[in-house]
Amino acid sequence: MKYPKQNRNETRFIIIIFIILAILTAVSQLFGLYQLRMMNAITNAMYDRPFQVSTSALAVRSEVFKIHRDMKDIVLSQSDKELQKYINDVNNHEQHVYGNLASIRQNTKSTEGKELANQMEKLFHDWKPIRDEVIQLVQNGERTKASIITKNKGANHVLRLEQSSQNLYFYAHRKAIEFKNHSDAMYQKLSITVIVLGSLFLTLYAFLAYFTVRRISNYTAKNDHLTGVLSVIRDINQLIVRVKSRTRLIQESCNILVSNHVYGNALIVLYDENKCIDTIASADASGNFTGFKTKIESGWIPPCIQNVADQKEGYLLIRNTKQSCPECPLSDRYQTKGALSIQLKYNDKVYGNISLSVNEAYIHDKEEISLLEEVAGDISYALHNFETQEHLIEQEKSLTYFKELYENIIDSVDNIIFVKDIHFTYTVCNQAFEKFVGKANHEIIGKSDYEIFDKEVADFFRYHDVKMFEEKKSKSNFEWVTYPDGKQVYLFTVKSPLVNSAGALLGLVGNSADVTEQRIAEEALTQKKKELETILQEAPNPIMLHNENGEVVMVNHVWLSLSGYDYEEINTVEKWADKACAKDKPLIHEYMDKLYSLEHKVDMGEASVTTKDGSTLIWQFSSAPLGIIDGKQTVVTTAMDITELKRKDQLMMAQSRHAAMGEMIGMIAHQWRQPISGIAMNANNILLDIALESFDNTSATAYAEDILDQTQHLSKTIDDFRNFFKPDKSVSTVNLREIIEETFTIVKDSLINNGIQIKTSYLTDTKVDAYSRELMQVFVNIINNAKDVLLSKQTKAPLIDICVDEDEMYINTSICDNGGGISESILPKLFDPYFTTKDEKTGTGLGLYMSKMIIEDHLHGVIEAYNSNDGACFKIRLLKKSPENERVS
């Protein structure tokens with residue numbers, strides 16, 4: 001039986017759709033790999049060059065501070081041994097600087113970056129003669145000159161070096177951001193591409209699914225019908241073998257044709273030698289058939305029988321019997337169904353005719369007509385006593401068709417397919433296996449592996465065959481094989497047992513798929529993973545990878561080296577928090593709880609780290625999501641050891657406190673001058689009254705009460721200054737009006753004695769969270785600076801104006817003077833360490849620097865300086881006291 005043309009067209013259409021999908025899939029995969037490769041290159045550039053340049057710039061800045069600190073120690077050294085130690089420290093730090101400068105030159109490619117690097121390197125070279133001059137002066141005993149050079153020329157050069165390293169750091173940071181933006185753009189492009197291609201695939205798959213389901217539904221209904229037709233054919237074939245009577249054969253054939261409601265009615269007529277109707281049989285036993293038979297016997301010939309002889313195909317289709325054959329007594333039996341009339345014909349001899357009532361959906365079905373023609377042929381063949389021979393011929397045709405179909409199917413696939421019997425002999429193989437072996441089919445069938453392959457390969461195949469036979473279940477393995485042309489491929493082979501219907505083992509079926517491309521892709525991915533791990537392990541900063549289950553996936557060498565712990569001791573985030581971050585454990589947990597749901601980088605800030613040997617480090621942490629790794633949300637956390645910087649800040653804070661203490665002593669002198677004068681005057685009055693013999697109880701009481709008032713004022717002054725220097729242990733909620741008024745108890749007398757007027761405006765009473773003593777220190781610093789400016793410029797009607805107001809987020813404190821303002825050239829440098837416009841005796845350059853550190857680092861606020869119409873202004877902005885702004889101190 002041949003396939004209908006419609007089936008061939010549908011098969012061709014489905015194959016074309018799948019080819020298009022395969023091409024689109026391959027193109028999308030190649031494009032995705034290309035984009036991933038580009039994103040990988042961008043990521044490498046982001047982590048290699050800008051990251052190393054910024055890290056090296058920070059390292060140079062740190063080493064410069066250390067050299068500057070050692071130069072001060074050289075000036076203050078007490079012995080030659082101590083002097084030589086500090087000189088050696090300077091040389092060591094200098095080598096570190098040159099090493100980092102070399103790293104910067106190596107990783108800086110742009111003209112701008114090279115210019116910044118050359119500028120910083122030149123500044124460092126120019127600093128060398130200054131340091132050598134200081135060391136020479138110290139060795140010659142001229143420490144005063146060395147101290148002056150260090151404070152002036154040396155300090156200025158350090159500031160320039162710091163600014164240069166900061167510029168280079170900002171440049172590298174900007175480059176990293178540019179790389180990131182580029183990477184984001186590539187990612188967006190890839191995402192859009194994947195979405196578009198995914199939508200196209202879904203559309204095509206939906207169309208194909210709809211088409212396939214529809215066809216399958218039709219084929220299912222058709223197959224059910226054809227199953228009934230085949231059942232009819234089977235029953236008729238059995239009837240042909242069993243029945244020899246002509247009359248019984250056609251009658252029981254009619255009954256079989258209408259059984260199971262396959263057909264509505266069946267009518268068979270046989271002709272005699274004169275081609276007249278001789279015998280009539282029908283599945284209808286009603287009066288309709290009796291009338292039909294009577295009418296035929298009277299000489300009437302039904303149109304379906306008359307017209308079928310004129311058809312070349314040997315059959316006649318009637319769509320509506322009531323319209324085509326209104327005079328037929330059986331038309332009511334057919335109802336509105338169509339009719340199919342087929343000749344009983346064999347070897348060009350017509351023996352009769354079969355008429356059937358057929359559902360309209362199948363009346364034009366070529367397969368159905370073909371099957372019914374087979375039924376007619378079987379009946380015709382039976383009539384000529386050739387039932388058995390015809391049956392054998394049909395069986396042989398069917399077997400030949402299925403054998404050819406099976407061979408075509410296994411030869412059409414790209415996989416290697418083969419069958420072995422229980423003696424390990426090949427019985428079947430496809431063309432792909434022939435290509436793999438390099439031999440023709442007849443050179444393979446009937447031979448074993450040892451007759452086809454060399455012993456090593458044959459042993460490998462035999463081992464897996466035996467294992468599969470022993471366990472009697474499918475086995476799979478991967479293997480590298482070499483084709484006869486020298487091409488190497490990586491095969492995934494599955495061997496399954498071949499059993500008969502009784503479950504007896506007949507052999508095995510092998511199926512090998514070429515997965516070379518997948519293997520190469522997996523190896524490339526593994527190599528990229530190793531390269532990334534190497535980069536992370538060799539990074540100069542501590543790095544940890546951890547997932548949403550709290551598992552530490554990887555910790556680099558720097559992390560382990562600085563903390564002193566082994567990986568097993570901190571292989572979970574909880575262990576790390578317990579061992580190294582016990583002081584900040586609540587902050588760590590709060591940070592981790594929201595970390596895995598974020599889609600961008602987040603900074604945790606500073607946290608104390610207790611090393612294994614018990615020492616304390618200060619690390620600054622930040623984290624960024626890596627995506628899904630091994631089915632879990634994974635995050636990379638990086639840290640920077642800022643312990644030395646924090647110690648430097650603490651030293652500067654102490655220096656600032658000492659400088660402030662000197663200023664406080666002057667203020668104490670101002671506040672004590674008047675009470676002491678009053679006490680002295682009362683004492684003189686007492687002595688004078690005694691000398692004049694006019695001293696009485698009333699005078700004594702008045703003098704004593706006045707002395708007590710003055711001493712209480714002195715006592716209160718001592719308490720005010722003692723509280724000012726008392727350190728804050730925790731954040732408290734304060735009103736800025738109270739802090740400013742308390743500040744006035746310290747500085748007010750000094751301002752009044754110098755004729756400086758104070759003006760205050762309190763436009764809000766909203767409270768803030770702050771360290772009150774540190775905030776007072778800031779106010780004292782700014783007010784004293786304003787006082788010094790007003791006195792040095794001899795300003796007429798000097799005034800300090802303080803205003804407290806609020807905006808949406810901040811409580812703002814503005815402190816302004818009318819001293820003429822600050823030069824625009826030095827305004828950007830006001831908050832730099834050791835920068836001062838005063839002389840060396842009255843200025844340290846730390847007051848405003850520590851004020852900025854207190855406001856911005858400790859209180860998370862903002863401090864800024866600017867010029868007003870009359871003079872300089874300093875504005876301090878602190879967050880309002882509200883639930884969303886609360887923080888853990």
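Two strands count as paired when DSSP finds at least two bridges between them. A bridge of this kind links valine 494 to its partner in S10, asparagine 511. Keep that in mind for the sheets below, and note that the model is predicted.

## The overall picture

Let's start with the whole chain. The protein has 889 residues, and buried ones make up 40% of them. Its secondary structure comes to 23 helices and 22 strands.

How much of the contact set with a separation of 6 or more comes from residues 24 or more positions apart? Those pairs account for 59% of it. As for the outside, the accessible surface is about 49,600 Å², and 54% of that belongs to carbon and sulfur atoms.

## An antiparallel sheet

One sheet to look at is open, has 5 strands and runs in the order S7-S6-S10-S9-S8, with antiparallel pairing. Strands S7 (426-429) and S8 (475-482) sit at the edges with a single partner strand each, so one side of each has no neighbour in the sheet. From one strand to the next, the twist averages 25°. Helix H14 (residues 455-471) packs on this sheet and touches strand S6 (416-421), S8, S9 and S10. The direction of H14 makes about 170° with that of S8.

Now for the ladder itself. S9 (residues 488-499) and S10 (residues 505-514) are joined in the antiparallel sense by 9 bridges. Besides the pair in the opening paragraph, leucine 491 has aspartate 514 of S10 as its bridge partner. S9 and S10 make a hairpin with 5 residues between them, and glycine 503 in the turn has a positive phi of about 90°. S10 also pairs with S6, again in the antiparallel sense, over 6 bridges. Here lysine 420 is matched with leucine 508 in S10.

## A mixed sheet

Further along the chain there is an open sheet of 5 strands in the order S17-S19-S20-S22-S21, and its pairing is mixed. Which strands are at the edges? They are S17 (757-762) and S21 (862-867), each pairing on one side only. The twist from one strand to the next averages 15° here.

Within this sheet, S19 (residues 799-806) and S20 pair in the antiparallel sense over 7 bridges. Isoleucine 800 has its bridge partner in S20, namely aspartate 817. Helix H21 (residues 736-753) packs on the sheet, touching S17, S19, S20 and S22, and its direction makes about 175° with that of S17. Helix H23 (residues 847-858) lies across S21 and S22, running at about 135° to S21.

## The disulfide and some other cysteines

Taking sulfur pairs within 2.5 Å as the cut-off, the count is 1 disulfide. The bond is between cysteine 816 and cysteine 873, with an S to S distance of 2.1 Å. The link is right-handed, with 120° about the S-S bond. It joins distant parts of the chain: cysteine 816 is in strand S20 (residues 810-817) and cysteine 873 is in strand S22 (residues 872-879), 57 residues apart.

Is cysteine 873 buried or exposed? With buried set at under 20% relative accessible area, cysteine 873 is buried because its value is 2%. Cysteine 254 is also buried, at 0%, and so is cysteine 581, at 0%.

## Nonpolar cores

In soluble globular proteins, nonpolar side chains tend to be buried together. In this model, the largest nonpolar core holds 41 residues, and Leu775 and Ile800 have the most contacts inside it. Elements giving two or more residues to this core are H21, strand S18 (768-770), helix H22 (772-792), S19, S20, H23, S21 and S22. The top contributor is H22, with 9 residues.

Isoleucine 800 turns up again here. Setting aside neighbours within four places in sequence, isoleucine 800 contacts a list of residues including Leu751, Ile758, Ile783, Ala786, Leu790 and Ile815. The list also takes in Gln757, Lys759 and Lys787, as well as Cys816, one of the two cysteines in the disulfide. Apart from the largest core lies another one, of 33 residues, with Tyr86, Ile130, Leu137 and Val158 among them.

Methods: Residues are numbered from 1 along each chain as its sequence is written. This is a predicted model: local features need pLDDT of at least 70, side-chain atom pairs count only at pLDDT 80 or more; totals for chains, interfaces and linings use all residues. Side-chain values use heavy atoms; hydrogens and water are left out. Helices (H or I, at least four residues) and strands (E, at least two) are DSSP runs, numbered from the N terminus. Axes are lines fitted to C-alpha atoms, for helices over the stretch in contact, and angles run from 0 to 180 degrees between N-to-C directions. Contact means heavy atoms within 4.5 Å. Buried means under 20% relative accessible area, exposed over 50%, partly exposed in between (1.4 Å probe, protein chains only). Accessible areas come from the Shrake-Rupley method with a 1.4 Å probe; for residues, only the protein chains shown count as cover. A nonpolar core is a set of buried Ala, Val, Leu, Ile, Met, Phe, Trp, Tyr and Cys residues joined through side-chain atoms within 4.5 Å.
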